[in-house]
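Thanks, everyone, for making the time this morning. I would like to walk you slowly through one structure, so please have a look at it before I begin.

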Amino acid sequence: MNDPAPTCPYCRLNTATDEPPGGWVHRDDSWLVHHGPAQSSRPGTMKIVSTRHYTDFAEMTSKEAVSFGVLLHTLDTAMRATTDAERVHLVSTRDRVQHFHAWLYPRPASHALRGTDFLNAPQRSEPADADRATEAVRRHLRAKSAL
C-alpha cells in the first residue's frame with residue numbers, strides 16, 4: 001500500500017493477515033473487495049476499498065480510474081448473475097472513513113422500493129446467506145477470469 005495512514009482502518013485492512021467474514025471476493029494491487037457486514041447488508045452487497053490511501057475520485061491515478069471502471073463492470077455482471085439483482089446501486093460518500101471505498105447494493109426486481117428509498121431502507125442478511133452470496137460471486141469471477 002502506498003502512503004498508508006497509521007490510524008486509517010482501511011489501510012490496516014490491507015495489511016491485516018485476517019480475511020474479512022466470507023473472505024476476499026477480489027484482491028489486487030489497487031482494490032480489495034469483500035461482502036458487507038451481514039447485520040447491515042443484503043446478501044450480495046459488496047464493499048470495494050482502495051489499497052492506496054486517498055479519499056476522492058479526483059485523487060485516483062489513471063490506472064486506478066481505469067481499473068475501478070473495469071472492476072465495477074465485472075462485479076455488476078457477477079452480482080446480477082449470482083443474486084436476484086435487477087439493479088446494482090453504487091454508493092460512495094467517504095464521509096465517515098476518509099479513505100476511498102464504495103458499496104455495491106443489489107436490488108431485486110421484486111423489492112417494492114427503488115433508488116434512494118431502497119438504499120435508505122434497513123438492510124440485513126443472515127450470515128449464511130451473505131457467505132453463500134460471497135461464494136457465488138467469487139466463483140463467477142473465477143469462472144470468467146475477468147479480473
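Let me start with a term that I will lean on throughout: a residue is called buried when its relative accessible area is under 20%, and exposed when that area is over 50%. Please also keep in mind that what you see is a predicted model.

With that cut-off in hand, we can turn to the cysteines, beginning with Cys8, which counts as buried because its relative accessibility is 7%. Cys11 is buried as well, with a relative accessible area of 2%. You may then ask how far the sulfur of Cys11 is from the closest cysteine sulfur. The distance is 3.8 Å, to the sulfur of Cys8, and that is too far for a bond, since a disulfide requires the two sulfur atoms to lie within 2.5 Å. By this rule the count of disulfides in the model comes to zero.

Next, the sheet. It is an open sheet of five strands, in the order β1-β2-β3-β5-β4, and the pairing is antiparallel. The edges are taken by β1, residues 26-27, and β4, each of which has a single partner strand, so one side of each is left without a neighbour in the sheet. Further in, β2 and β3 pair in the antiparallel sense over five bridges, and one residue to look for there is Val33, whose bridge partner in β3 is Ile48. Helix α2 lies across β1, β2, β3, β4 and β5, and runs at about 150° to β4.

That brings me to the nonpolar cores. The largest has 20 residues, and the members that touch the most others in it are Trp31, Ile48, Phe68, Leu75, Leu104 and Val137. Two or more residues come from each of β2, β3, α2, β4, β5 and α4, and α2 gives the most, with six residues. As general background, nonpolar side chains in soluble globular proteins tend to be buried together. If we take Leu104 as an example, and set aside residues up to four places away in sequence, its contacts include Met46, Ile48, Leu72, Leu75, Met79 and Val88. A second, separate core has nine residues, among them Cys8, Tyr10, Cys11 and Val49, so the two cysteines I began with appear again here.

Now for the loop between β2 and β3, where I would point you to two residues. Thr45 is found in this loop and is buried, with a relative accessible area of 0%. Its side chain reaches the backbone oxygen of Arg42 at 2.9 Å, and, leaving aside neighbours within four places in sequence, Thr45 is in contact with residues including His34, Trp103, Leu104, Tyr105 and Gln123. Ala38 lies in the loop between β2 and β3 too, and is buried at 13% relative accessible area. Beyond four places in sequence, Ala38 touches Arg124, Ser125, Glu126, Pro127 and Ala130.

Finally, what does His140, in helix α4, touch once neighbours within four places in sequence are left aside? The contacts are with Thr77, Ala78, Ala81 and Thr82. His140 counts as buried, because its relative accessibility is 18%, and its C-alpha atom is separated by 14 Å from that of Val33, although the two are 107 residues apart along the chain.

Notes
Residues numbered from 1 in each chain as written. Predicted model: local features only at pLDDT ≥ 70, side-chain atom pairs only at ≥ 80, totals over all residues. Heavy atoms only, no water. Core = buried A, V, L, I, M, F, W, Y, C linked by side-chain atoms within 4.5 Å. Buried < 20%, exposed > 50% of the residue type's maximum accessible area, 1.4 Å probe, protein only. Helix = DSSP H or I, 4+ residues; strand = E, 2+ residues; numbered from the N terminus. Contact = heavy atoms within 4.5 Å. Polar contact = N/O pair within 3.5 Å; in protein donor to acceptor, adjacent residues only side chain to side chain. Pairing = 2+ DSSP bridges. Axes fitted to C-alpha atoms, helices over the stretch in contact; angles between N-to-C directions.
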